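Subject: Handing over the structure

Hello,

I am passing on to you the structure we talked about, and I hope you will open it beside this message and follow along as you read.

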Amino acid sequence: MENVHRLQRTETADFDQVMRENGTKVLRLVTLFVKNQAVAEDITQEVFLKVYKNLPYFRGESSIQTWVYKIAVNESKSYLRSWSFRNIFAKDEIEQESGQNVEDEVIGKANRETVAELVLKMTPKYRQVIALRYYADLSIKEVAVALGESEGSVRTRLHRARAQLKKLVEKEGL
Amino acid sequence: MDSDQRFEQSLQRLKDEADNSVLKQVFFTEEMEQKIKNKIAKSKRQRSYWLKGSGLVACLCLLLVLGSNSGWWTLTGIDSGNHASGVGTDADHTGASGGDEPPLSFDPPVPTERHAWELSPATTLPSGNVMTFYGSDLMEVHFLTDSVNLYAGNDYKTRVVLRGFFPETLQYRWVQEKGERWAIDDVGVKQNQTQAEFNRNTYFSQPGKWRMEVYKENKLYSFIVVDVKEKSEKSFDIKEATVLARQYFASDASFTKMGQPRYGSIEIFGIDGTTEQKKIYGWAVIRSFHDKKNGEVTINQALDAPVVLDVAYNKKNYRYEVQHMTIMEDKNLYFADMQKLFSADAYMTAHSYLKNPAELEQMIRRVEQDVMQAARDQALH
């Protein structure tokens with residue numbers, strides 16, 4: 001799959017392969033980013049439409065997966081800045097968090113939250129870098145490419161994100 | 001085991017935990033795959049049709065949708081740092097190169113026959129100072145102007161923003177579709193963490209498509225294509241009129257009593273006049289806001305009314321400017337005032353709204369949505 005020369009001659013078959021090999025990975029990563037599966041499915045669709053459109057120009061300076069993740073990050077960022085997120089989903093998210101009923105609270109106490117669930121409680125900016133580094137298992141350099149930032153600023157952001165997550169983990173007693 | 005070690009272990013098992021809990025039911029299905037393929041097939045059919053028909057213009061719709069909301073535009077507004085005409089003079093620059101930073105891996109398109117003259121997506125900011133940017137999230141070069149449209153024979157303050165890391169100088173040029181081209185020009189760039197930029201005054205000698213090509217170390221790095229219009233009576237379009245009105249509502253002293261921050265927009269019923277003098281007929285929706293943190297805003301004062309904007313072309317700065325506004329404040333006189341002040345076509349449109357209050361209300365709510373969004377965007381920055 002990393003064979004750049006073959007990808008440069010990309011045809012539908014190559015695109016299909018990229019989509020199949022990365023589909024679930026991208027969808028899950030985007031779900032972590034936006035915390036809404038239906039929205040993540042829409043975003044993933046847009047991601048692969050862009051992959052299709054731009055695949056002929058992919059030169060292979062990074063792995064195809066990092067390149068696809070970069071598109072996924074950009075699409076997710078657009079969504080997180082969008083009117084619908086700020087006015088509909090962001091509101092829902094808060095309501096969901098504060099709207100636990102008694103039963104949920106009891107179950108919640110009995111079953112400690114997983115690290116993954118705690119990641120979902122982080123702010124989008126930090127959640128994104130944690131997801132790329134530890135869920136997608138990208139190197140700092142690859143995270144920098146995916147986020148379109150320098151390695152230095154990624155290190156800083158990651159340091160702060162880890163501190164935020166650590167507080168949550170310790171609070172949960174994990 | 002101390003807390004640091006436990007935390008590291010938590011991170012190491014994040015993927016497994018996520019895949020087995022919150023993401024357990026999340027799969028990229030065959031149905032989703034098919035949806036994407038159907039969209040691609042549909043766009044191919046449309047592309048084929050457009051190419052046979054009226055050319056490439058309609059292809060931009062997809063690009064415009066895909067390219068909206070890109071993050072870089074929040075970085076800067078066009079300021080007074082512009083220098084030099086486009087050909088052969090130095091721009092203001094003080095920055096350094098990006099040193100050992102790695103180049104970004106995304107490979108921008110190169111001018112092939114298929115894409116060489118495909119217009120780049122263009123977005124005009126909805127409020128405040130006029131700024132139009134050409135480019136999209138996936139493009140490595142963006143071109144900003146302080147104007148809604150580009151006209152031949154005008155001089156524009158422009159900024160070029162490039163993603164990636166550059167030496168202190170790069171080369172660029174403009175090429176016109178019909179063959180006119182500038183000589184390659186060396187420019188100094190300001191480099192910050194992930195992007196470089198330079199300012200230029202840009203002059204397009206003739207209408208048509210112009211392609212700006214940026215070269216890094218003598219190799220084509222990226223390009224964008226813009227459409228330069230010929231100034232005529234018809235060239236002042238609804239888009240330009242809307243942006244002009246928004247700017248006027250937000251900044252003109254006649255609305256000071258409403259307070260700040262203030263944003264407005266307009267539903268345009270008609271435009272007429274000569275190249276130099278225009279009249280915009282429409283329904284203004286203006287709101288002032290209580291500004292809160294995190295982009296939340298609440299309305300302070302509201303003004304909805306039919307208006308006529310008298311617009312004149314200022315030859316000194318190559319801009320249309322609102323000279324005067326007539327606002328129809330008395331609801332009982334709307335019909336009479338509009339009949340007197342509007343063009344016949346504009347009156348017909350306005351009349352149909354006034355005869356149907358539900359539609360009028362719907363129109364006002366729609367325009368208000370734009371105004372609210374502009375206020376939220378501004379509050380966020």
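Below I go through what was found, beginning with chain A, then turning to the place where two helices of chains A and B meet, and ending with chain B.

Please keep in mind throughout that this is a predicted model.

**Chain A**

Chain A is built with 10 helices and zero strands, and if you read along its sequence you will find the pattern α-α-α-α-α-α-α-α-α-α. Of the 174 residues in chain A, 50% are buried. When we take the contacts in chain A between residues at least 6 apart in sequence, 66% of them join residues at least 24 apart.

A good pair of helices to look at is H3(A), residues 37-54, and H4(A), residues 64-80, whose axes come within 9 Å and cross at roughly 130 degrees. This angle lies outside the range of 65 to 115 degrees that counts as roughly perpendicular and is not over 145, which means that H3(A) is oblique to H4(A). The crossing in which H3(A) passes H4(A) is right-handed. On the H3(A) side, the residues that meet H4(A) include A:Val39, A:Ile43, A:Val47 and A:Phe48, while on the H4(A) side they include A:Trp67, A:Val68, A:Ile71 and A:Tyr79. Sorted by class, the contact of H3(A) with H4(A) has 10 nonpolar, two polar and three charged residues.

Just before H3(A), in the loop between helix H2 (12-34) and H3 of chain A, you will come to A:Lys35. The phi of A:Lys35 is near 60 degrees, a positive value in a residue other than glycine, and A:Lys35 counts as partly exposed because its relative accessibility is 25%.

Further along, helix H8 of chain A, residues 124-135, is mostly covered, with nine of its 12 residues buried; among them are A:Tyr126, A:Arg127, A:Leu132 and A:Tyr135. H8(A) is followed by A:Asp137, which lies in the loop between H8 and helix H9 (140-147) of chain A. A:Asp137 is not a glycine, and yet its phi is positive, about 60 degrees. Is A:Asp137 buried or exposed? With a relative accessibility of 59%, A:Asp137 counts as exposed, because the cut-off for that word is over 50%.

**Where chains A and B meet**

Helix H10 of chain A (residues 151-172) and helix H1 of chain B (residues 3-12) have axes that come within 11 Å and cross at roughly 105 degrees, so H10(A) is roughly perpendicular to H1(B). The contact is made by A:Arg162, A:Leu165, A:Lys166, A:Val169 and A:Glu170 from H10(A), together with B:Ser3, B:Asp4, B:Phe7, B:Glu8, B:Ser10 and B:Leu11 from H1(B). These residues divide into four nonpolar, two polar and five charged.

**Chain B**

In chain B, six strands form an open sheet in the order E1-E2-E3-E5-E9-E8, with antiparallel pairing. The edge strands of this sheet are E1 (122-124) and E8 (190-191) of chain B, each of which pairs on one side only. Within the sheet, strand E3 of chain B (residues 141-145) runs antiparallel to strand E5 of chain B (residues 155-163), and five bridges join them; B:Val141, for instance, has B:Leu162 in E5(B) as its bridge partner.

Another antiparallel pair is strand E14 (residues 297-314) and strand E15 (residues 319-327) of chain B, joined by eight bridges. Here the bridge partner of B:Val307 is B:Ile327 in E15(B). The hairpin of E14(B) and E15(B) has four residues between the strands, and in this hairpin B:Tyr318 takes a positive phi near 60 degrees.

Finally, please look at the loop between helix H5 (238-251) and strand E12 (262-273) of chain B, where B:Pro261 lies. A cis peptide bond joins B:Gln260 and B:Pro261, with omega about -5 degrees. B:Phe255 is found in the loop between H5 and E12 of chain B as well, and B:Phe255 counts as buried because its relative accessibility is 4%. Leaving aside residues up to four places away in sequence, B:Phe255 touches B:Tyr248, B:Phe249, B:Arg262, B:Ile286 and B:Met325. B:Phe255 and B:Leu303 are 48 residues apart in sequence, and their C-alpha atoms are 9.7 Å apart in space.

With best wishes

Note on methods. Residues are numbered from 1 along each chain as its sequence is written. Chains are lettered from A and ligands numbered from 1 in the order in which they are written. This is a predicted model: local features need pLDDT of at least 70, side-chain atom pairs count only at pLDDT 80 or more; totals for chains, interfaces and linings use all residues. Side-chain values use heavy atoms; hydrogens and water are left out. Axes are lines fitted to C-alpha atoms, for helices over the stretch in contact, and angles run from 0 to 180 degrees between N-to-C directions. Helices (H or I, at least four residues) and strands (E, at least two) are DSSP runs, numbered from the N terminus. Angles under 35 degrees count as roughly parallel, over 145 as roughly antiparallel, 65 to 115 as roughly perpendicular and the rest as oblique. A crossing is left-handed if the near helix is turned anticlockwise from the far one by less than a right angle, and right-handed if clockwise. Contact means heavy atoms within 4.5 Å. Ala, Val, Leu, Ile, Met, Phe, Trp, Tyr, Cys and Pro count as nonpolar, Asp, Glu, Lys and Arg as charged, and the others, Gly among them, as polar. Buried means under 20% relative accessible area, exposed over 50%, partly exposed in between (1.4 Å probe, protein chains only). Two strands pair if DSSP finds at least two bridges between them.
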